Amino acid sequence: MKIKKSYGYSWSEGKKQAAPEGKTPSEGRKGTAVFLIAAALVGIVVISVAAFGPLEENQPPVSIPQTQPQPVPQDPPSLQNQQTPSSTNTPAVIHGYSKDELLGKINPKKNGAFMKIESKYTSKTDIYMRADAYASFVKMAAAAKKDGIELTIVSAFRSFADQKGIWELKWNGGKTVAGKNLAKEVADPVERAKYILLFSSMPGTSRHHWGTDIDLNSLENSYFADGQGKKVYDWLVKHAAEYGYYQPYTPKPETRTDGYEEEKWHWSYLPAAKPMLSAYMKEIGYSDLNGFLGWETAAKIKVIEKYVMGINKSCLP
Ligand SMILES: [Zn+2]
């Protein structure tokens with residue numbers, strides 16, 4: 001309060017009086033005295049600023065155009081993502097996620113934004129997703145059921161550690177990729193990483209880290225090509241957007257040039273995922289991608305630009 005007061009005076013009253021006309025000696029002396037008082041007050045302000053930090057944190061004395069980002073309201077996690085796709089560029093949300101949330105370094109069992117998926121909706125046990133994405137999925141599944149379509153979640157949130165396990169198993173040759181033991185057959189680290197990226201995300205870059213994305217029914221495009229699988233896919237293409245769900249990995253090169261191959265099973269709840277991608281693009285850099293075998297290839301491959309952002313353009317923020 002003290003800083004505000006003195007600063008306000010020096011700018012308003014003090015400044016006016018500090019520019020005397022000085023026609024008579026008495027006026028001149030009076031003016032000089034006022035000037036000295038004003039100068040002293042400015043000095044106090046300068047010292048106060050040096051001691052207590054920048055004045056921007058206090059009320060500014062004059063109206064300055066507010067170009068700085070406004071403080072992010074600290075909503076409870078369950079309210080953070082209640083946005084429609086059309087309003088997902090709101091800056092307030094962009095900084096609402098920690099690096100750990102964006103990199104999947106959280107425990108969904110202990111995070112209030114997440115919910116456990118009921119067994120009737122999933123073939124897995126103990127899997128989680130964001131509460132808002134889940135609530136919308138439940139509505140979508142009910143609508144699909146009325147049309148004779150069963151939607152089953154086969155994957156949802158995956159942690160950094162989960163993804164590291166998948167990635168390193170392939171990196172070490174514990175699991176073959178396209179029939180190759182990468183540890184034995186692909187010596188060049190960048191080439192080896194690119195092989196894995198045909199089918200799996202690098203740890204720290206998966207949309208599954210966010211809890212906003214789900215895999216439905218099957219992990220094979222062929223399942224969705226005919227029969228019941230085709231009915232499921234056609235229903236999703238027609239109706240998923242009504243529930244905020246979109247397919248980020250659409251066919252290449254028709255809809256995008258970079259990134260993973262088409263995934264007809266992967267659906268993203270954009271009201272939550274778009275703000276998270278915005279935050280990711282601002283907050284996460286290559287210095288954040290480490291702690292797994294082959295991490296040093298991330299920057300060389302430009303995995304953020306080509307894979308994280310290599311999605312259907314309509315899914316970009
Ligand atoms: Zn997926």
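**Group meeting: a four-stranded sheet and its surroundings**

Let me begin with a single pairing: Asp 213 has Ser 268, in strand 6, as its bridge partner. I shall work outwards from that bridge, and I should say at once that this is a predicted model.

Three bridges in total join strand 4 to strand 6, and the two strands run antiparallel. They belong to an open sheet of four strands, whose order is 3-4-6-5 and whose pairing is antiparallel. At the edges are strand 3, residues 153-155, and strand 5, residues 245-246, each of which pairs on one side only. As general background, the strands of a sheet pair through backbone hydrogen bonds, in either a parallel or an antiparallel manner.

Consider each edge in turn. Strand 3 is joined to strand 4 by two bridges, again in the antiparallel sense, and Ile 153 finds its bridge partner in Leu 216 of strand 4. At the other edge, strand 5 pairs with strand 6, residues 266-269, over two bridges and also antiparallel. There, Tyr 246 has Ser 268 as its bridge partner. Ser 268 is thus a partner of Tyr 246 and also of Asp 213.

What lies across strand 4, strand 5 and strand 6? The element is helix 11, residues 270-283, which runs at about 80 degrees to strand 6.

Helix 11 leads us to the interior. The largest nonpolar core has 56 residues, and within it Met 129 and Met 276 touch the most other members. Helix 11 gives the largest share of this core, namely seven residues. In general, nonpolar side chains of soluble globular proteins tend to be buried together. Setting aside residues up to four places away in sequence, Met 129 touches Phe 114, Met 115, Ile 117, Tyr 134, Ala 156, Phe 157, Gly 211 and Ile 214.

Of those contacts, Tyr 134 is one of the buried residues of helix 6; the others are Asp 132, Ala 133, Phe 137, Met 140 and Ala 144. The geometry of helix 6 can be checked. Its 16 residues, 131-146, should span 22 Å at 1.5 Å a residue, and the end C-alpha atoms lie 23 Å apart, which agrees. Just after helix 6, Gly 148 adopts a positive phi of about 80 degrees.

I turn now to a loop. Asn 181 is placed between helix 7, residues 160-171, and helix 8, residues 182-185. Why does Asn 181 count as partly exposed? It has 14 C-beta neighbours inside 10 Å, and the partly exposed class lies between the limits of 12 or fewer for exposed and 20 or more for buried. Apart from residues up to four places away in sequence, Asn 181 touches Gly 173 and Thr 176. Arg 192 is eleven residues from Asn 181 in sequence, with a C-alpha to C-alpha separation of 9.9 Å.

For the chain overall, there are 13 helices and six strands, and 33% of the 317 residues count as buried. Among contacts between residues at least 6 apart in sequence, 71% join residues at least 24 apart.

Finally, a word on confidence. The mean pLDDT of the chain is 80, with 70% of residues reaching 70 or more. Over residues 43-94 the pLDDT is below 50, and the model gives this stretch 61 contacts beyond near neighbours in sequence. I shall stop there and welcome discussion.

Methods. Residues numbered from 1 in each chain as written. pLDDT = per-residue confidence, 0-100. Contact = placed C-beta atoms within 7 Å. Pairing = 2+ DSSP bridges. Axes fitted to C-alpha atoms, helices over the stretch in contact; angles between N-to-C directions. Core = buried A, V, L, I, M, F, W, Y, C linked by C-beta atoms within 7 Å. Expected span 1.5 Å × (residues − 1).
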